[in-house]
Amino acid sequence: MNTNSFKSWLPTVSISLASFIFVTSEFIPVGLLPEISAGLGKSEAFTGLLMTIYAWIVATMSLPMTVVSSHWDRRRLMLILLSTFVVANLASGLAASFGMLLICRIIVAFAHAVFWSIAIPLAIRLGPAGGRAKALSIIAMGASLGNILGIPFGTFLGQSFGWRMAFSVIALVAFVIYIILYRMLPPLPSQSVTTFRNVPSLFKRKSLVLVYLMTALTVTGHFTAFTYIKPFLLAVGGISTDFVVVLLLVFGASGIFGSILGSKIIYKHPKQSLWIALAIVFVSLLLMALAVHSQIWLMALAFIWGTALTMLCLIFQSSVLKEAPDVQDVAMSLYSGIFNIGIGGGALLGSISSTNHIGSVGYVGAIFVLVSLLLSAKFQITELKHTEGAVGH
């Protein structure tokens with residue numbers, strides 16, 4: 001890549017840095033669930049509801065806030081989101097009660113609701129023409145780095161210096177990213193004003209509705225297990241807290257591999273990639289209870305699982321953009337909302353499952369991914385029959 005080409009991608013990279021810190025903040029409770037619950041005097045199952053409430057705020061507010069802010073200059077909007085994010089995470093590090101922490105998380109969730117609605121369309125807009133696949137891969141890379149560096153390092157900080165330190169450092173890093181965005185982003189007038197009138201037409205597009213439904217099911221299944229991965233490893237496998245950090249690092253590193261692999265094959269073989277990735281996530285969830293007794297098998301499983309999940313996210317995002325090129329902001333805000341319905345639903349199901357039997361979280365999650373896989377197969381078989389019928393006529 002020559003210098004001019006590299007410079008042309010810098011604004012997109014700056015959005016990717018923002019995705020890094022948003023992912024880190026959203027999922028840091030996963031790595032620090034025992035520490036936060038002990039620090040605030042709550043059970044782990046109850047503290048896990050922080051994930052559910054956060055996700056469902058994002059789910060319900062993504063579309064309304066995207067509509068309200070649709071006429072704002074994108075640069076101004078992004079800087080407002082990051083500054084709100086910095087203040088709320090700093091306040092999270094100072095929270096003395098569960099209620100205070102919950103309020104701070106809700107504020108971050110409001111910023112998150114708009115961020116993911118505009119981040120991907122904006123990243124594509126900022127990049128060179130014809131670079132959609134690369135822009136998606138760059139954003140996925142930033143999110144993966146949140147898993148690779150942000151969550152494991154935040155978990156390490158929380159275990160070593162207290163969970164409040166993790167939120168404080170997130171705020172500090174977010175402030176640095178704010179400065180980068182301030183310098184890198186050009187003025188970006190809104191290209192269209194979004195209204196709720198755009199929404200009904202989206203639900204008339206059968207392929208798009210299927211993507212939304214599969215997203216909800218797959219994400220619910222994944223987060224039923226992943227939200228409680230640390231309590232699961234500690235209780236079922238007797239794994240040390242130090243190894244939990246290593247495992248989260250491996251899971252995050254797989255996201256880099258998944259984003260690179262996905263950018264090369266999912267556009268050439270989208271259907272096959274979808275089936276294979278769904279099948280891998282399904283099997284990974286089933287194998288959790290077996291792999292938990294071997295650190296080597298756990299690391300292998302985490303890498304394969306994380307690779308497949310990253311590819312699925314790329315497939316879903318690409319499909320949304322392909323099916324709704326005329327209203328990308330609305331389509332992506334709905335996707336973000338549905339994704340977070342899955343996160344919140346998975347965290348809630350994981351809370352219920354872990355309360356009754358922590359070892360069941362993988363099996364419960366696998367059921368949802370299996371339904372998603374069967375839906376995909378049924379739709380594609382039906383589509384194939386229609387194609388053959390059309391050819392026959």
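Start with confidence. This is a predicted model, and its mean pLDDT is 84. Of the protein's residues, 92% reach 70 or more. Colour the chain by pLDDT if your viewer allows it.

**Stop 1: the two extremes of confidence.** Select helix 5, residues 74–94. Confidence is highest here, at a mean of 93. Now select helix 16, residues 361–392. Confidence is lowest there, at a mean of 73. Then pick residues 384–393, where pLDDT stays under 50. How many contacts beyond four places in sequence does the model have for this stretch? It has 0. Where pLDDT is low, the predicted coordinates should not be read in detail.

**Stop 2: a nonpolar patch.** Stay with helix 16 and select Tyr363, which lies in it. Tyr363 is partly exposed, with a relative accessible area of 41%. Add Val283, Leu286, Leu287 and Leu290 to the selection. Together with Tyr363, they make a nonpolar surface patch of about 440 Å². Which helix gives the largest share of the patch? Helix 13, residues 270–291, supplies 4 residues.

**Stop 3: Thr12 in helix 1.** Select Thr12, which is placed in helix 1. Is Thr12 buried or exposed? Its relative accessibility is 0%, so it counts as buried. Show what it touches beyond four places in sequence: Ala123, Leu126, Gly127, Ala135, Ile138 and Ile139.

**Stop 4: Gly31 in helix 1.** Follow helix 1, residues 3–31, to Gly31. Gly31 is also at 0% relative accessibility, so it too counts as buried. Leaving out residues up to four places away in sequence, Gly31 touches Thr155, Gln159, Lys230 and Leu248. Next, pick the C-alpha atoms of Gly31 and Val244. They are separated by 8.0 Å, yet the two residues are 213 apart along the chain.

**Stop 5: the salt bridge.** Go to Lys230, one of the residues that Gly31 touches. Which residue forms a salt bridge with Lys230? Select Glu35: the closest N and O atoms of the pair are 3.1 Å apart. This salt bridge links distant parts of the chain, 195 residues apart. Lys230 is in helix 11, residues 229–236, and Glu35 is in helix 2, residues 33–40. Side chains of opposite charge can pair when their charged atoms come close. Check the surroundings of Lys230 too: at 1% relative accessibility, it counts as buried. How many salt bridges are counted in the model? The count comes to 1.

Methods: Residues are numbered from 1 along each chain as its sequence is written. This is a predicted model: local features need pLDDT of at least 70, side-chain atom pairs count only at pLDDT 80 or more; totals for chains, interfaces and linings use all residues. Side-chain values use heavy atoms; hydrogens and water are left out. pLDDT is the predictor's confidence in each residue, from 0 to 100. Helices (H or I, at least four residues) and strands (E, at least two) are DSSP runs, numbered from the N terminus. Contact means heavy atoms within 4.5 Å. Patches are made of residues with over 30% relative accessible area and no salt bridge: like charges are joined within 9 Å, nonpolar side chains (Val, Leu, Ile, Met, Phe, Trp, Tyr) within 5 Å. Accessible areas come from the Shrake-Rupley method with a 1.4 Å probe; for residues, only the protein chains shown count as cover. A salt bridge is a side-chain nitrogen of Lys or Arg within 4 Å of a carboxyl oxygen of Asp or Glu. Buried means under 20% relative accessible area, exposed over 50%, partly exposed in between (1.4 Å probe, protein chains only).
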